Amino acid sequence: MANSKYEYVKSFEVEDEVMPPNLIIVRIEAFNFDGFSDIHDFEKPNDEKALALMSSCAAAVLEEYPDIVFSYGFNDEYSFVFKRKTKFYQRRASKIMSLIVSFFSSVYATKWKEFFPHKEMKCPLSFLARVLCCASLEVLQAYLAWRQNECHIRNLHNTCLWMLIKSGKSAKEAVEVLQGTQKQEKNELLFQQFGINYRMLPEMFRQGSCIFMTQAEDVVKYNEHGVPVKRMRRKPMMIHDEHIAGRNFWNGQQYLLMELGAFENDIKKIKAEYVRSFLFENKLMPSTWIVIRIDGCHFHRFSEVHEFEKPNDQQALNLMNSCAVAVLEEFKDIVFSYGVSDEYSFVLNKDSKFYQRQASQIVSVIVSFFSSAYVMKWKDFFPFKELKYSPSFDGRTVCYPSTEILRDYLAWRQVDCHINNQYNTCFWMLVKSGKSKSEAQSYLKGTQAREKNELLIRQFNINYDTLPEMFRRGSSVFRMKGEDSMMPENGRLEEVKQKVIIDHSNIIEDSFWKEHPSILS
Ligand SMILES: Nc1nc2c(ncn2[C@@H]2O[C@H](COP(=O)(O)OP(=O)(O)OP(=O)(O)O)[C@@H](O)[C@H]2O)c(=O)[nH]1
Ligand SMILES: [Mg+2]
Ligand SMILES: [Mg+2]
């Protein structure tokens, strides 16, 4: 379709391919899980149902993305390891990471009622995610050893902490008791004070869970004689093992040997420089506007399956807008957002210190919050339509060095909205009037905006300019300062009352920005 003069803003997008032979891991970890587990009365220190839900989501990720061959998780985190030769989305880090964290969050919200049928999910759960590159199998081995060690340390600590709290100590007292204690002392405390042999606690708590795909025989149907017809099918399998980074465990799994390779030695000590590399995070350039753009994955199919109205489904767009409102209410650093079709762009202030400007944290927390909200709000917008599968969104960050370029970015998106909507309106009117899709396509080929408008008027008596603003211009979501927001009370500046609103103005022209000078100030 036609280009616009704003399209140059695409050149600010940076490449982030993970070069071979690096192995790719994506680790996700719930954001503010303590708060979430308090709100939902999870059992402490381990809630079996919550853990089972996490594992079930991880298994869904493995089924959805065949390039992931192994995953390991405990508590509120999961790591996903890709096969050595993966070409998944050209190995683009942000794309891969955002899709996985989005899908995981969306599945979490979808499956919630399966695991907690009598408990409502009260708020979206978002996850922080990052991509880790392992230059060799040895580094991957160190990574797994590191995470499993972390699982052990945290679980031992939490088990002690919660036994102390349950026995009457305050949280502060319990922390003091445990301060500086070593593993051995914690084991003894559990045994002597509470009669608990730590080694007898469930493996899932102590060792975490591994999930990987295996070939299993499945009954697909029964033939006319009632004999089962079986097929081999990939199936996720969960196992627990004390040393997932040990040769014994790893080299015993044919599938892992084939896709990743064998571990040569057992690890005695995890190298500090490896751990440092696992913790490293890229930061975005200071004093630049940050845009996080998310886009529905395969929404062409998603909208077909859910029978969205063509070319615009009012409710589907309202749902997107409602999720954007929730995002702005949750993350105060976002000053503006603009959405059209299956995408949304969120703008962070130039001087924002949101997640220390760490790109993957910023993208993941926003895209996963959005995905979770999308699933949770679905029934509010489609009370009579079942959500047939969990949707996912990809996300990326782009930095723009000036307000002018940021505005060109937003203009680019709105011009895109206009061009697509005008084309789609004509296309679907032609199809609805009896033309085949390819006839409609060739009919519109090379036509200019004016010709399309004339076509709509002449053939269908539609004045394009009277179609709903939301379809023609997309939606902006931002905070509107309240009337009395500037009144200092008792000499102190009270928290400014701000309402998040949805608007369908022209954001290309200056007038919108003059009317709302505070947004980009
Ligand atoms: N019927 C209908 N379809 C919509 C609506 N909004 C978005 N879509 C569909 O979603 C697609 C979004 O375009 P893209 O994001 O470029 O395509 P995609 O299928 O999501 O593919 P990727 O983004 O590359 O994964 C459109 O082409 C439509 O098919 C809607 O309101 N109604
Ligand atoms: Mg899309
Ligand atoms: Mg799109």
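User: Which segment does P21 lie in?
Analyst: This is a predicted model, where local features need pLDDT of at least 70, side-chain atom pairs count only at pLDDT 80 or more, and totals for chains, interfaces and linings use all residues. Residues are numbered from 1 along each chain as written, chains are lettered from A and ligands numbered from 1 in written order, and side-chain values use heavy atoms, without hydrogens and water. Strands (E, at least two residues) and helices (H or I, at least four) are DSSP runs, numbered from the N terminus. P21 sits in the segment before β1 (23-30).

User: What is omega for the peptide bond from P20 to P21?
Analyst: Most peptide bonds are trans. The one from P20 to P21 is cis, with omega near 10 degrees.

User: Is Y355 buried or exposed?
Analyst: Y355 is in the loop between β9 (343-348) and α13 (359-381), and its phi is positive, near 45 degrees. Buried means under 20% relative accessible area, exposed over 50%, partly exposed in between (1.4 Å probe, protein chains only). At 18%, Y355 counts as buried.

User: Which residue coordinates both the magnesium ion (ligand 2) and the magnesium ion (ligand 3)?
Analyst: Donors are N, O and S atoms within 2.8 Å of the metal (3.2 Å for Na, K and Ca); water is not among the atoms, so sites may look incomplete. For ligand 2, the protein donors are D295 (OD), G296 (O) and D342 (OD), 2.0 to 2.2 Å from the ion. The two magnesium ions are 3.4 Å apart, and the residue coordinating both is D295.
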